[in-house]
Amino acid sequence: MDKIVINGGNALNGQVRINGAKNSALKLMAAALLSDAPITLTNMPDLADTRFMAHLLAHLGVDVSRENGTQMRLHAKALAAPFAPYDLVRKMRATFNVLGPLLARQGHARVSLPGGCAIGARPVDLHLKALEAMGVQIDLQEGYAVANAPKGLQGAQINFPFVSVGATEHALLAAVLAKGETVLENAAREPEITDLANCLNAMGAKVTGAGSATITIKGVSSLAGATHRVVPDRIEAGTYALAVAATGGDVLIENCDPAHLGALWDRMRAIDSGVEHVDAQTVRIIQKNDRCAAADVETQAYPGFPTDLQAQFMAVMCRANGASIIRETIFENRFMHAPELSRLGADITVHGREAIVRGMPTLHGAPIMATDLRASVSLVIAALSAKGQSEVNRVYHLDRGFEGLERKLSALGADIKRVRET
Ligand code: EPZ
């Protein structure tokens with residue numbers, strides 16, 4: 001298994017280019033199932049998760065090819081049997097979102113219930129209820145959702161009891177080809193939702209209101225092909241911004257959309273990090289003080305502070321000048337990085353969904369273990385700001401969501417390398 005070896009203490013300086021968003025790319029790939037014409041996605045990240053999704057789509061009969069590095073072509077001309085087996089779904093929750101498009105295209109499907117990062121129970125009840133409201137009969141049999149839409153998908157009024165990114169996207173993916181109008185209330189407002197709606201509209205769908213809490217979809221009978229650019233990855237951009245806050249330095253973060261990270265910039269200003277909006281695609285982070293100030297944070301659905309940046313923020317707080325309270329409201333078990341950060345000398349106490357981080361003047365290098373995707377990168381950030389050498393084990397988690405992490409950090413001046421072990 002590979003590991004990452006980091007000698008901490010270097011400031012980060014220079015420019016870093018952000019890739020397309022993993023969490024958008026995965027749902028855009030699922031959207032390709034809705035049309036028999038080709039979909040071309042540009043600004044596509046090349047990650048373990050996108051490769052895994054490509055594998056599942058190929059199994060479902062989609063012709064998937066990578067073109068010139070950052071472009072992916074998906075052509076679902078004729079689909080195979082609508083069966084998504086456990087082995088191709090268990091590793092990643094986003095794969096479950098093929099169920100709606102398969103039902104829309106083929107009227108029936110059998111899809112394994114999903115796996116994903118171990119950050120909480122993460123059921124799919126809201127996904128299933130939304131599909132049932134659209135006329136789908138679903139039986140849960142031996143870990144599979146066995147679904148049939150005998151009269152085709154029907155437009156429906158769907159009120160989500162709480163905000164779910166995946167359920168909003170899933171309902172959207174199913175409703176575009178349903179008969180009649182669907183209205184989603186209390187929909188998620190994440191930029192990835194808007195990105196999916198824009199792609200679907202480019203394919204001929206009639207979606208309005210994406211980015212607000214009410215999304216209206218007028219079903220159409222078929223969708224065409226389209227070319228769509230994947231929205232920049234706000235979580236990758238935020239991760240580099242927080243890495244600079246931890247290590248000090250001056251970095252231009254390019255090819256991102258700073259407007260998608262308002263809640264992060266607010267917190268970064270609260271900890272005395274310099275955030276300069278250069279233009280619509282570029283933000284500059286300047287960290288002059290060796291230690292940031294401490295500030296509290298609470299995760300919320302968009303436009304609140306993203307849960308996918310909570311671990312990275314905690315890594316920064318480990319060396320802050322003071323104590324901070326970090327409250328996780330989206331997932332019930334998303335502090336697995338806390339004990340690992342403690343190995344580097346951090347002082348963290350977790351009580352349920354709240355962590356108290358007392359900033360230390362220095363952290364020291366140590367062997368640490370990655371647990372989930374965002375937790376792993378928080379360990380990298382802490383190790384970059386620690387004195388001495390750290391080894392991050394189980395780095396396959398990082399490969400799920402950060403393309404070229406060591407290359408990008410090395411180019412900024414970090415002493416980081418991947419050691420391949422057989
Ligand atoms: C998406 O997960 C992202 N994943 C997550 O990123 C992200 O943390 C999360 O949204 C919140 O922003 C992808 O887009 C692939 P939810 P998702 O449905 O859609 C509960 C990463 O690191 N819930 O908004 O699964 C759920 O358990 C990943 O890139 C139900 O109870 O998140 C959670 O507590 C991790 N029933 C809350 O809702 C349901 O049917 C929000 O989950 C669905 C969700």
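**View 1. Asp308 and the ligand in the predicted model.** In this predicted model, a polar atom in the side chain of Asp308 is placed 2.6 Å from an oxygen atom of the ligand. As a whole, the protein covers 90% of the 830 Å² of accessible area that the ligand has on its own. Asp308 is also one of the residues that come nearest to the ligand, a group that further includes Arg93, Asp125, Ser164 and Ile330, out of the 23 residues around the ligand.

**View 2. Backbone contacts of the ligand at Leu126 and Val165.** Here the protein partners are backbone atoms: a polar backbone atom of Leu126 is 2.8 Å from an oxygen atom of the ligand, and a polar backbone atom of Val165 is 2.7 Å from an oxygen atom of the ligand.

**View 3. The pocket and the shell around the ligand.** The place that the ligand occupies is the largest pocket. Helices α1 (22-31), α5 (125-133), α6 (165-175) and α12 (373-385) each contribute at least two residues to the shell around the ligand. Both domain 1 (2-19 + 232-420) and domain 2 (22-229) take part, since the shell draws at least three residues from each of them. Sorted by class, the shell is made up of 10 nonpolar, five polar and eight charged residues.

**View 4. The cis peptide bond before Pro303.** Between Tyr302 and Pro303 the peptide bond is cis, and its omega angle is near 10 degrees. Pro303 belongs to the loop that runs between strand β18 (297-298) and helix α10 (310-317), while Asp308, shown in the opening view, has a polar side-chain atom 2.6 Å from an oxygen atom of the ligand.

**View 5. The backbone at Glu142.** Glu142 has a phi angle near 50 degrees, which is a positive value in a residue other than glycine. The residue is located in the loop between strands β8 (137-141) and β9 (144-148).

Terms used
Residues are numbered from 1 along each chain as its sequence is written. This is a predicted model: local features need pLDDT of at least 70, side-chain atom pairs count only at pLDDT 80 or more; totals for chains, interfaces and linings use all residues. Side-chain values use heavy atoms; hydrogens and water are left out. A residue is near a molecule or strand if one of its heavy atoms lies within 4 Å of it. A polar contact is a pair of N or O atoms within 3.5 Å; within protein, one must be able to donate a hydrogen and the other to accept it, and residues adjacent in sequence count only if both atoms are side-chain atoms. Accessible areas come from the Shrake-Rupley method with a 1.4 Å probe; for residues, only the protein chains shown count as cover. On a 1 Å grid over the protein atoms alone, a cavity is a set of points where a 1.4 Å probe fits but cannot get out, and a pocket is an open set with protein on both sides within 12 Å along at least five of seven lines; lining residues have an atom within 4 Å of a point. A molecule sits in a cavity or pocket if more than half of its atoms lie within 2 Å of its grid points. Helices (H or I, at least four residues) and strands (E, at least two) are DSSP runs, numbered from the N terminus. Ala, Val, Leu, Ile, Met, Phe, Trp, Tyr, Cys and Pro count as nonpolar, Asp, Glu, Lys and Arg as charged, and the others, Gly among them, as polar. Domain bounds come from an automatic or database domain assignment.
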